[in-house]
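Q: I should like to learn how to read side-chain features from a structural model. Could we go through burial, cysteines and charged pairs in turn?

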Amino acid sequence: MSQHVFDVEMMAMAIKLARHGLESTSPNPRVGCVITRDRQVLATGWHRQAGGPHAEIEALNAIGGSANGATAYVTLEPCAHHGRTGPCVEALIAAGLARVVIAGRDPNPLVAGKSVERLQAAGINVQDGVLRDAAAALNPGFLRRMRGGLPWVRLKMAASLDGRTAMASGESKWITSLAARRDVQRLRARSCAVVTGIATVLADDPRMDVREGSCDGVPRQPLRVVLDSMLRTPRNARILELPGSVLLVHGQKAAQAAFGEHVETLGLPGDRPDLETLLRSLAERQCNEVMVEAGPTLAGAFLAAGLVDELVIYQAPTLLGSRARPMFELPFDDMSQQLRLDVIESVRVGVDTRITARPRFAINRADRKDRE
C-alpha cells in the first residue's frame, strides 16, 4: 500500500469519527483525529462537545500524551489559540510527532495557517489537503461563518408529489410519513437555530424543538427564531415552551412586550426584519447552521434573497390538487427567472423521498463572493 493510499484511509477514518459530533460541537467545528506509527493505529479521538477536549487532545490522552515519531491525521488544522481549552498545536508539538496530515486549514482568523507554521517551525512535516472536500462537508456552517460572517442556511419543506404544502384552508397534518418527520429531528439536532415565521406559528402552533429520544445523545436544543414583525406571538404558543431558548425578531413598529426569561426579543431596522441582517446577527451569536421551517411566503423570500445554501424537501407520494398551497411564493413571470438547482442526494425515507438540492446562485452569483 502506497503512503498516499494509507493517508487517505486514515483521513477517512478521522472524518468518520468527526461525524459523531454532528449534533453536539457547535459553535465549534466537528473534528476527528487518528494517530498512527509504522502504519498501525495507536489512538483515535473526536471532538464531543464545545468546552470539552478537542479531537487531538482526546487521541493524545488515549496514549498518555507521548507520540514520538508518530503521524497525526486531523480533519481540520489544529487550533493555535487559547479558548475554553488550550492550543492543540502545542500539545501536538510536545507529543513528539514526526508528521501531521490535515484535511484543510481553519479559516478562523485566530488560526488560519498559524498552526501549520508552528508545526513546521518545530520540525514536524505537515501535509495539507487530504480529503479536503469530504472534511469540509462536515462543517459547512463553521467554514461559512468564518469566511463570510453568515451561517449555512438549510431550507426544509414537506410537500406532495405535485409540490403542495397545505390545503387552501391551511390544513397540512400530515403530508409526510412518521419516518420523514422523525428524520427532520436529525436536521434540527445538528442546527444551531431553527427559523420560522409568525404565520406558521399562528396557523400550526409548532414546537420546532428536538424531541426527547429522537436523536441519541443530544445535549442541546437549537435556538428557535420567529420572524414576528409586530410581536403577535401568543403567550401560550407552544414554540415558547421550554426546553431551549427563543428569539422573537420584530420590526421598529412593534410594541415592546415581555415573554419570559428564556424568550428574547430582537428589533431590527424597518417594518419587516431584513433576512440577511438576521442571519448576520445569528452568525454573531455563533450559529453555524440555520434551518428554515416556514410557509411559502418566508421560504420564497429566503430563496429570492439568495440566502439559501441547501434545500431539503420531503416529498410524499400523494397529490393535494391545484387549490392547495405551493411550496414557495416566487412570482416569476418568464423562464429567464427560473431558479436552477443541483440535486445532491435523493433517498427514500419510509414511503417518502428526501431530496437535497442546492441553488446554483448560492455559488455562482458574482455579488455574493463571501458565500464561495
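Q: Is His47 buried or exposed?
A: Please note that the model is a predicted one. Burial is read from relative accessible area, with under 20% counting as buried. His47 has a relative accessible area of 3%, so it is buried.

Q: Where is His47 found, and with which residues is His47 in contact?
A: His47 lies in the loop between β2 (40-46) and α2 (55-62). With neighbours within four places in sequence set aside, its contacts include Gly21, Thr25, Asn28, Pro29 and Val31, as well as Gly52, Pro53, His54 and Ala55. In addition, the His47 side chain reaches the backbone oxygen of Gln49 at 3.4 Å.

Q: How many disulfides does a search of the whole structure find?
A: A disulfide requires two cysteine sulfur atoms within 2.5 Å. The search of the whole structure finds zero.

Q: Why is Cys33 without a bond to the closest cysteine sulfur?
A: The closest cysteine sulfur belongs to Cys88 and is 8.7 Å from that of Cys33, which is too far for a bond. Cys287 is likewise in no disulfide, the nearest cysteine sulfur being that of Cys192, 5.1 Å away. Cys33 is buried, at a relative accessible area of 0%, and Cys287 is buried too, at 5%.

Q: How should charged pairs be read, and how many salt bridges are there?
A: Side chains of opposite charge can pair when their charged atoms come close. With a cut-off of 4 Å between nitrogen and carboxyl oxygen, the count comes to 22 salt bridges.

Q: How many residues apart are Asp183 and Arg186 in helix α7?
A: They are three residues apart in α7 (residues 178-190), and therefore separated by about one helical turn. Their side chains meet in a salt bridge at 3.2 Å, N to O. Asp183 is buried, at 14%, whereas Arg186 is partly exposed, at 30%.

Q: Which residue forms a salt bridge with Lys253?
A: The partner is Asp271, with the closest N and O atoms 3.6 Å apart. This pair links distant parts of the chain, 18 residues apart: Lys253 is in the loop between β10 (246-250) and β11 (263-267), and Asp271 is in the loop between β11 and α9 (275-284). Lys253 is exposed, at 60%, while Asp271 is partly exposed, at 42%.

Q: Which residues are linked in a network of salt bridges?
A: The network links Arg30, Arg154, Arg190, Glu289, Glu310 and Arg358.

Notes. Residues numbered from 1 in each chain as written. Predicted model: local features only at pLDDT ≥ 70, side-chain atom pairs only at ≥ 80, totals over all residues. Heavy atoms only, no water. Buried < 20%, exposed > 50% of the residue type's maximum accessible area, 1.4 Å probe, protein only. Helix = DSSP H or I, 4+ residues; strand = E, 2+ residues; numbered from the N terminus. Polar contact = N/O pair within 3.5 Å; in protein donor to acceptor, adjacent residues only side chain to side chain. Contact = heavy atoms within 4.5 Å.
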